[in-house]
Amino acid sequence: MSDLRIEKLTKSYGAEGPPVLDGLELTVPGGALAAVLGPSGCGKTTLLRIIAGFLRADAGSVTLGEHVLSGPGVQVPPERRRIGIVPQEGALFPHLRVDRNVAFGLKGVDRAERRRRTDEMLELVGLSGYGERMPHELSGGQQQRVALARALAPRPALVLLDEPFNALDSALRSGVRADVRAALSHSGATAVLVTHDQQEALSTADVVAVVREGRVAQCDTPQQLYRRPADPWVAGFVGDAVLLPATARTNGTAETALGPVPLAEDTGPGTGTVLLRPEQLQLAEPASAVAHGTVTDVRFYGHDAMITVTVEGLADPVDIRAAGPVAVRPGERTGIRVNGEAVLHP
Ligand SMILES: Nc1ncnc2c1ncn2[C@@H]1O[C@H](COP(=O)(O)OP(=O)(O)OP(=O)(O)O)[C@@H](O)[C@H]1O
């Protein structure tokens with residue numbers, strides 16, 4: 001299994017404006033699936049194209065296992081990088097049968113072995129028996145799984161997935177994601193998934209690199225990223241965030257408009273912004289709560305509901321996530337309770 005190491009990668013498309021990639025650093029352990037997550041225009045596709053070798057960086061290096069692929073004086077051509085690519089959509093050759101699509105990258109391999117490997121790959125992605133079909137005879141999710149089988153067939157050291165689930169409707173997407181994740185993990189290849197979808201990154205990847213303005217703002221496991229975001233921007237980008245002005249005390253708690261909140265790390269006295277997630281807030285009987293507010297909006301999503309409350313002493317309303325059916329309505333007064341720990345950002 002090969003580690004992917006990206007060091008000080010810089011790329012500009014023109015002389016004007018800041019570089020698209022600005023000294024980007026990222027390490028993906030061998031065999032791991034890393035999601036590169038960022039807003040539109042942050043440089044995700046540029047990064048992928050440099051890793052694949054379709055684009056040259058201005059500076060920095062890309063190393064896969066022992067091999068430098070891009071670096072000062074080195075530019076290995078794309079076809080010699082041992083990288084498989086799963087593009088967004090329409091990735092399959094429409095005039096070739098599924099098995100021929102999968103076998104496409106198996107050049108120089110004898111016929112029997114090509115057939116064995118194609119069958120093995122189709123089985124890996126759960127499509128045994130589909131080899132004789134044409135791409136248009138498959139669903140969108142099946143087509144993406146064939147695209148993965150094709151990318152994995154030549155045993156690449158690294159697989160790049162460029163927003164591969166975009167064209168799928170949401171009901172199909174989570175199932176296909178799980179299948180792709182399982183197939184990648186079974187193959188042992190290191191993988192990089194580019195996405196702008198936070199839930200996709202958190203639910204699919206082993207590690208998530210959040211990219212902002214051409215740099216990695218934070219790279220962590222999904223749980224750590226969600227629970228301990230590096231700053232308020234990352235916090236808001238990877239999920240819903242409740243940000244409260246706070247004063248930290250010496251006893252490991254912070255004073256906020258929602259009352260005292262225990263801090264995940266005792267940072268000593270000082271002021272800052274406390275981060276909570278909406279599911280850490282709970283509606284409570286007004287008589288039993290320290291903080292109070294007025295419900296201004298209730299959005300019901302089926303599995304949960306989001307309740308917006310304006311709080312006395314707070315400029316911005318807060319969002320509270322509640323499980324199951326909720327009985328409160330806009331205009332009602334409520335108490336608010338805080339559960340768990342918060343992160344304090346200076
Ligand atoms: N060939 C090019 N020439 C000039 N500018 C480019 C070129 N390709 C991309 N850019 C610019 O570089 C920036 C980063 O683009 P890139 O496609 O890497 O971002 P992205 O994060 O993949 O965005 P999206 O999520 O919208 O696909 C954008 O501002 C884009 O306009």
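Two strands pair if DSSP finds at least two bridges between them. Helices (H or I, at least four residues) and strands (E, at least two) are DSSP runs, numbered from the N terminus. The views below are of a predicted model, in which local features need pLDDT of at least 70 and side-chain atom pairs count only at pLDDT 80 or more, while totals for chains, interfaces and linings use all residues. Residue numbers start from 1 along each chain as its sequence is written.

**View 1. Strands E17, E18 and E19 are joined by two hairpins.** Let's start with E17 (residues 291-300) and E18 (residues 304-311), which pair in the antiparallel sense over 7 bridges. Here Gly 293 stands opposite Val 311 in E18. The hairpin of E17 and E18 has 3 residues between the strands, and Gly 302 in this hairpin takes a positive phi near 95°. On to E19 (residues 318-323), which runs antiparallel to E18 and is joined to it by 6 bridges. Val 309 stands opposite Val 318 in E19. With 6 residues between them, E18 and E19 also form a hairpin, and Gly 313 in its turn has a positive phi of about 90°.

**View 2. Ala 257 sits in the loop between strand E13 (253-256) and E14.** Look here for the neighbours of Ala 257 that come from elsewhere in the chain. Not counting residues up to four places away in sequence, Ala 257 touches Leu 244, Ala 291, Val 311, Gly 313 and Leu 314; a contact means that the C-beta atoms, placed from the backbone, lie within 7 Å. Glu 312 is 55 residues from Ala 257 along the chain, yet their C-alpha atoms are separated by 7.6 Å. Is Ala 257 buried or exposed? Ala 257 is partly exposed, because 18 other C-beta atoms lie within 10 Å. The scale calls a residue buried at 20 or more other C-beta atoms within 10 Å of its own, exposed at 12 or fewer, and partly exposed in between, with C-beta atoms placed from the backbone.

**View 3. Five strands form an open antiparallel sheet.** The order to follow is E14-E13-E12-E15-E21. Strand E14 (259-262) and strand E21 (343-345) stand at the edges with a single partner strand each, so one side of each is left without a neighbour in the sheet. From one strand to the next, the twist averages 45°. For such angles, axes are lines fitted to C-alpha atoms, for helices over the stretch in contact, and angles run from 0 to 180 degrees between N-to-C directions. At the E21 edge, 3 bridges join E21 to E15 (residues 270-276), and the two run antiparallel. Leu 275 has Val 343 in E21 as its bridge partner.

**View 4. Helix H1 packs on an open sheet of 6 strands.** This sheet has mixed pairing and the order E7-E8-E9-E3-E10-E11. Its edge strands, E7 (83-86) and E11 (215-220), each pair on one side only. The twist here averages 20° from one strand to the next. Strand E3 (residues 33-37) and strand E10 (residues 207-212) pair in the parallel sense over 4 bridges, and Leu 37 stands opposite Val 210 in E10. H1 (residues 44-52) touches E3, E7, E8 (158-162), E9 (190-195) and E10, and its direction makes about 150° with that of E8. How many residues of H1 are buried? The helix is mostly covered, with 7 of its 9 residues buried, among them Lys 44, Thr 46 and Leu 47. Gly 53 follows H1 and has a positive phi, near 95°.

**View 5. The ligand has residues of H1 and other parts of the chain around it.** Around the ligand are Tyr 13, Val 20, Gly 38, Ser 40, Gly 41, Cys 42, Gly 43, Lys 44, Thr 45, Thr 46 and His 196; a residue counts as near if its C-beta atom, placed from the backbone, lies within 6 Å of the molecule. This shell divides into 3 nonpolar, 7 polar and 1 charged. In this scheme Ala, Val, Leu, Ile, Met, Phe, Trp, Tyr, Cys and Pro are nonpolar, Asp, Glu, Lys and Arg are charged, and the others, Gly among them, are polar.

**View 6. Domain 1 (4-232) meets domain 2 (242-345).** These bounds come from an automatic or database domain assignment. The C-alpha centres of the two domains lie 39 Å apart. To the contact, domain 1 gives 4 residues and domain 2 gives 6 residues. On the domain 1 side, 2 of the residues are nonpolar, none polar and 2 charged.

Terms used
Two residues are in contact if their C-beta atoms, placed from the backbone, lie within 7 Å.
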